[in-house]
Amino acid sequence: MSCPHQTNYRAIEDSIHTDFKEDMSYGDYLCLEKILSAQHLQSDQHDEMLFVIIHQASELWLKLAGHELSAAMRYVKDGDFGNAFKVISRMKQIIRQLTQSWDILSTLTPVDYLKFRDDLGHSSGFQSFGYRKIEFLLGNKNASLLKVHESNPTVHSELKTILEQPSLYDEVITALHNKGLNIDAGALNRDVTLPYQSNDSVVNAWLTIYQNPEQYFEYYELAEKLVDIEDTIQQWRFKHMSTVMRIIGNKMGTGGSSGVDFLKKALDISFFPELYTVRTKL
């Protein structure tokens, strides 16, 4: 029954499709039946729904971040800096979205979390494949972490492949070399399964770029895009640590880590160390 004379009313337009017995609907396209029925709570506590959905949504954002980072690596390798800048900028916004999600989770009080924390068993964000993929793609490699994923052969195989391939920064350093900047063989031919270590020749290459931004503008812009990534991920790490401290204090993590102390150590890890060193040298 229409209400044409009511102002607080919007009539459905005749052209809007309403019959989806044969056509694909919005819910069909997004597989919403699967997504919205994937919240299998382990307790009868009200706040567990918040905890589950925050982490499920975060995994979707991490999946998109990995998708964009993989594309950025291809673009850098191909010298397509325009598209590399676009997806790196998108990656930055994804991490900002992830950072904001901690504000929602922080509405979970310590008392309410303890009502269902034991029901998590040993499950922990440390076991997140999506987050580990991001770290590996950015160069924070650690072969020992593959053991956490041995129970899932598909995930384990993908992470092992990423571990053994150059990271985004490795591709960037190769691009600097291809541009004619002097990069040591040790940096170009390093064991990519190991965490990246700062190299003086890479510092000097970035110094040349920053001192001559007009001549090397694409590389100058690329450097700033990389700093954007590191800056936003550090903010994400810090907010993660502070949220955990707010909710569980200095308790051990459910996965067996030392909790807050373990998370603090991540703040000392840099993906692109020379990009900070060069600022001191300018």
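Contact here means heavy atoms within 4.5 Å. Helices (H or I, at least four residues) and strands (E, at least two) are DSSP runs, numbered from the N terminus. The model is predicted: local features need pLDDT of at least 70, side-chain atom pairs count only at pLDDT 80 or more, and totals for chains, interfaces and linings use all residues. Residues are numbered from 1 along each chain as its sequence is written, and side-chain values use heavy atoms, with hydrogens and water left out.

**Exercise 1. Describe the surroundings and the ends of helix α6 (residues 129-138).**

Step 1. Apply the burial classes: buried means under 20% relative accessible area, exposed over 50%, and partly exposed in between (1.4 Å probe, protein chains only). Nine of the 10 residues of α6 are buried, so the helix is largely enclosed by the rest of the structure.

Step 2. List the buried residues. They are Gly 130, Tyr 131, Arg 132, Lys 133, Ile 134, Glu 135, Phe 136, Leu 137 and Leu 138.

Step 3. Identify the cover. The elements that cover these residues include α3 (48-78), α4 (81-105), α7 (153-163), α8 (168-178) and α11 (217-248).

Step 4. Inspect the two ends. At the start of α6, a side-chain oxygen of Ser 128 comes to within 3.4 Å of the backbone nitrogen of Gly 130. After α6 comes Gly 139, with a positive phi near 110°.

**Exercise 2. Characterise the overall fold and the confidence of the model.**

Step 1. Count the secondary structure. The protein has 13 helices and zero strands.

Step 2. Determine the extent and burial. The C-alpha atoms fill a box of roughly 75 × 50 × 35 Å along the principal axes. Of the 282 residues, 40% count as buried.

Step 3. Examine the contacts with a separation of 6 or more. Residues 24 or more positions apart account for 71% of them.

Step 4. Evaluate the surface, with areas from the Shrake-Rupley method (1.4 Å probe; for residues, only the protein chains shown count as cover). About 16,700 Å² is exposed, and carbon and sulfur atoms supply 52% of it.

Step 5. Read the pLDDT, the predictor's confidence in each residue from 0 to 100. The average is 95, and 98% of the residues score at least 70. Confidence is lowest in helix α12 (residues 260-266), at a mean of 92, and highest in helix α10 (residues 200-211), at 98.

**Exercise 3. Analyse the salt bridges of Lys 133, Arg 190 and Arg 279.**

Step 1. Fix the criterion: a side-chain nitrogen of Lys or Arg within 4 Å of a carboxyl oxygen of Asp or Glu. The whole structure contains 12 salt bridges.

Step 2. Take Lys 133, which pairs with Glu 158, the closest N and O atoms being 3.0 Å apart. The pair links distant parts of the chain, with Lys 133 in helix α6 and Glu 158 in helix α7, 25 residues apart. Lys 133 is buried at a relative accessible area of 16%, whereas Glu 158 is partly exposed at 31%.

Step 3. Take Arg 190, whose side chain meets that of Asp 170 at 2.8 Å, N to O. Arg 190 lies in the loop between α9 (185-188) and α10, and Asp 170 in helix α8, 20 residues apart. Both residues are buried.

Step 4. Take Arg 279, which meets Glu 224 at 2.7 Å, N to O. Arg 279 lies in helix α13 (residues 274-281) and Glu 224 in helix α11, so the pair ties together parts that are 55 residues apart in sequence. Arg 279 is partly exposed at 34%, and Glu 224 is partly exposed at 29%.

**Exercise 4. Classify Thr 243, Lys 225 and Tyr 29 by accessibility and describe their settings.**

Step 1. Thr 243, in helix α11, has 3% relative accessibility and therefore counts as buried. Leaving aside neighbours within four places in sequence, Thr 243 is in contact with Trp 102, Leu 105 and Ser 106.

Step 2. Lys 225, also in helix α11, is buried at 15%. Not counting residues up to four places away in sequence, Lys 225 touches Phe 85, Ile 88 and Ser 89.

Step 3. Tyr 29, in helix α1 (residues 26-29), is exposed at 59%. Patches join residues with over 30% relative accessible area and no salt bridge: like charges within 9 Å, nonpolar side chains (Val, Leu, Ile, Met, Phe, Trp, Tyr) within 5 Å. Tyr 29 forms a nonpolar surface patch with Met 24, Tyr 26 and Leu 30, with about 510 Å² of accessible area together.

How values were computed
A polar contact is a pair of N or O atoms within 3.5 Å; within protein, one must be able to donate a hydrogen and the other to accept it, and residues adjacent in sequence count only if both atoms are side-chain atoms.
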